[in-house]
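Reader: I'd like a close look at the empty space inside this one, and at whatever is packed around it. Could you walk me through that part, taking your time?

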Amino acid sequence: TTGLFLVAVFRDQLFLFDSVHHIVVLYSVSVMDRRTPSANRAVSTKKVNLFGHVVNTSPGFLCVVIWAIIFSLFYLVCNALIQKTDPACTEDAIVHVRKETILTAFAACIFAVSGFMNLSATILQTSRKKKQCASFVFFIEVVACATNLSLFYNIFPEVKNVGGGAFDYLHLVQWAFTTPTMVFILGGLGTSMEEQIVMDWPLTIQAIVIDEAMLASGLLSMYYTGWLRAAFYIASVLFFLGLLVRIGRIVNLAIANAGTAAEVQTLVMLKWTTFLLWSLFGVLQLVEHLGIVDRFEHRVGRTALDVIVKIIYSVVMLSSNIYILDVVADVRMIQLHEEAERTAGSARRAQLLNRALQLACMEAEARSRLSRRFVCNMSHEL
């Protein structure tokens with residue numbers, strides 16, 4: 001604009017006026033663009049709290065960070081307090097180690113693939129609740145994958161029970177994080193068109209506390225032998241029955257608040273699947289205590305059940321018809337927002353057009369006055 005003005009000094013008055021006109025138009029449009037936010041502007045002018053946004057929409061990511069810190073501290077404590085021993089070098093032991101390595105690697109690959117699928121679902125979902133539940137399932141898959149990778153690389157020391165036999169404890173550490181998350185997901189699947197994701201917090205907290213007590217009793221039943229093993233096993237069974245009762249109440253409450261028949265069917269399927277598969281874990285533990293199966297056979301069955309349970313929850317998050325009403329409402333709100341933006345953009349364009357017309361009228365009037373003045377001057381000279 002400064003260059004236009006300097007060039008216009010050496011030209012006639014009409015070119016000077018035209019240059020000033022362009023300067024006025026550029027200035028007025030820039031002022032209006034600063035005062036009126038553009039509808040097509042991609043970057044919002046609001047300050048967004050990224051941490052709060054992630055916690056609100058994808059809390060499973062925060063759970064992954066917290067779990068990673070706790071798991072790292074657990075690894076340091078175990079390696080500091082428990083002396084790591086070399087495994088036996090017999091032929092049978094080597095064969096068992098190879099089989100267990102293949103088993104844990106296979107399970108880790110399955111959990112990794114499922115975790116990436118749920119990560120994509122978390123990022124691409126439009127519904128806030130589906131994002132939250134998908135992020136929790138992603139957290140479950142990450143914990144399961146990391147646990148199997150830890151078994152694959154044998155980074156944790158082996159722990160022996162009172163009788164001198166080795167027993168697995170990492171799967172209980174894994175379940176201490178994953179099973180409460182599953183209970184939380186079950187409580188949140190039937191909250192269509194509700195703001196909160198959990199309907200009954202006291203009942204859900206009771207179920208989580210009983211679940212942790214059940215896992216602790218199961219760990220003690222594997223550590224001790226004789227009558228103490230039987231006592232802790234019975235205690236874990238009683239805790240498990242109490243957990244099933246509370247899970248049934250949570251699912252029934254979710255069914256009562258479900259928005260569609262598809263959600264009811266999904267919740268009923270998850271309820272009985274959870275009851276059946278979680279019961280099989282206790283059965284496997286019992287048959288190992290009785291000596292019917294050995295440690296490797298018990299690990300194979302436990303890993304297979306663990307994969308099935310977590311894949312079922314993953315499939316429910318990816319392909320089931322949950323939160324249909326929430327998804328429809330969110331999509332409709334997005335459409336209304338886009339329509340409002342288009343309306344605001346049309347109004348802004350109309351405002352700019354009216355401003356341009358006003359400036360064009362002012363220019364035309366100025367040119368007319370200049371023409372009349374020129375004719376008048378010429379007539380006076382003649």
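Author: Let's start with the closed spaces: the count of cavities of 30 Å³ or more comes to two in this predicted model. The largest cavity has a volume of about 100 Å³. Its lining is made up of T104, F111, N148, L151, H171, Q174, W175, R299, R302, T303 and D306. Four helices, α5, α6, α7 and α11, each put at least two residues into that lining, and α11 gives the largest share, with four residues.

Now for the open side of things. The second largest pocket has a volume of about 480 Å³. There are 27 residues lining this pocket, and W175, M214, W278, F281 and G282 are the ones nearest its centre. The elements with two or more residues in the lining are α7, α8, α9, α10 and α11. Here the largest share belongs to α10, which brings eight residues. Keep an eye on W175, because this residue lines the largest cavity and also sits among the residues nearest the centre of the second largest pocket.

That brings us to α7, which gives at least two residues to the lining of the largest cavity and two or more to that of the second largest pocket. How far does α7 reach from its first C-alpha to its last? With 19 residues, α7 spans 28 Å, close to the 27 Å expected at 1.5 Å a residue. Still, α7 has a kink of about 35° at A176, shortly before the proline P180. Of the 19 residues of α7, 17 are buried, so the helix is largely enclosed by the rest of the structure.

W278 is another residue to follow. You've already met W278 as one of those nearest the centre of the second largest pocket. Leaving aside residues up to four places away in sequence, W278 touches T179, M182, V183, F240, L243, I247 and V309. W278 also belongs to the largest nonpolar core, which has 53 residues; I185, L243, I247, W278, V309 and Y313 are the members that touch the most other members. The elements giving two or more residues to this core are α4 (59-81), α6 (128-153), α7 (170-188), α8 (201-223), α9 (227-256), α10 (261-289) and α11 (295-319). Apart from it there is another core, of six residues, including A107, A108, F111 and A144. F111 is worth a second glance, as this residue is also part of the lining of the largest cavity.

Over in α5 (residues 91-124) you'll find S114. Is S114 buried or exposed? S114 has a relative accessible area of 3%, which is under the 20% limit, so this serine counts as buried. Beyond residues up to four places away in sequence, S114 touches E141, I311 and S314.

Just past α6 there's a small oddity in the backbone. N154 has a positive phi of about 55° although it is not a glycine. This asparagine is found in the loop between α6 and β1 (159-160), and N154 is partly exposed, with a relative accessible area of 45%.

Stepping back to the whole chain, you have twelve helices and two strands, and from the N terminus on the elements run α-α-α-α-α-α-β-β-α-α-α-α-α-α. Of the 382 residues, 36% count as buried. Among contacts between residues at least 6 apart in sequence, 78% join residues at least 24 apart.

Notes: Residues are numbered from 1 along each chain as its sequence is written. This is a predicted model: local features need pLDDT of at least 70, side-chain atom pairs count only at pLDDT 80 or more; totals for chains, interfaces and linings use all residues. Side-chain values use heavy atoms; hydrogens and water are left out. Buried means under 20% relative accessible area, exposed over 50%, partly exposed in between (1.4 Å probe, protein chains only). Contact means heavy atoms within 4.5 Å. A nonpolar core is a set of buried Ala, Val, Leu, Ile, Met, Phe, Trp, Tyr and Cys residues joined through side-chain atoms within 4.5 Å. The expected span of a helix is 1.5 Å times one less than its number of residues. The bend at a residue is the angle between axes fitted to the seven residues ending there and the seven starting there. On a 1 Å grid over the protein atoms alone, a cavity is a set of points where a 1.4 Å probe fits but cannot get out, and a pocket is an open set with protein on both sides within 12 Å along at least five of seven lines; lining residues have an atom within 4 Å of a point. Grid points are joined across faces, edges and corners, and a volume is the space filled by probe spheres set on the points.
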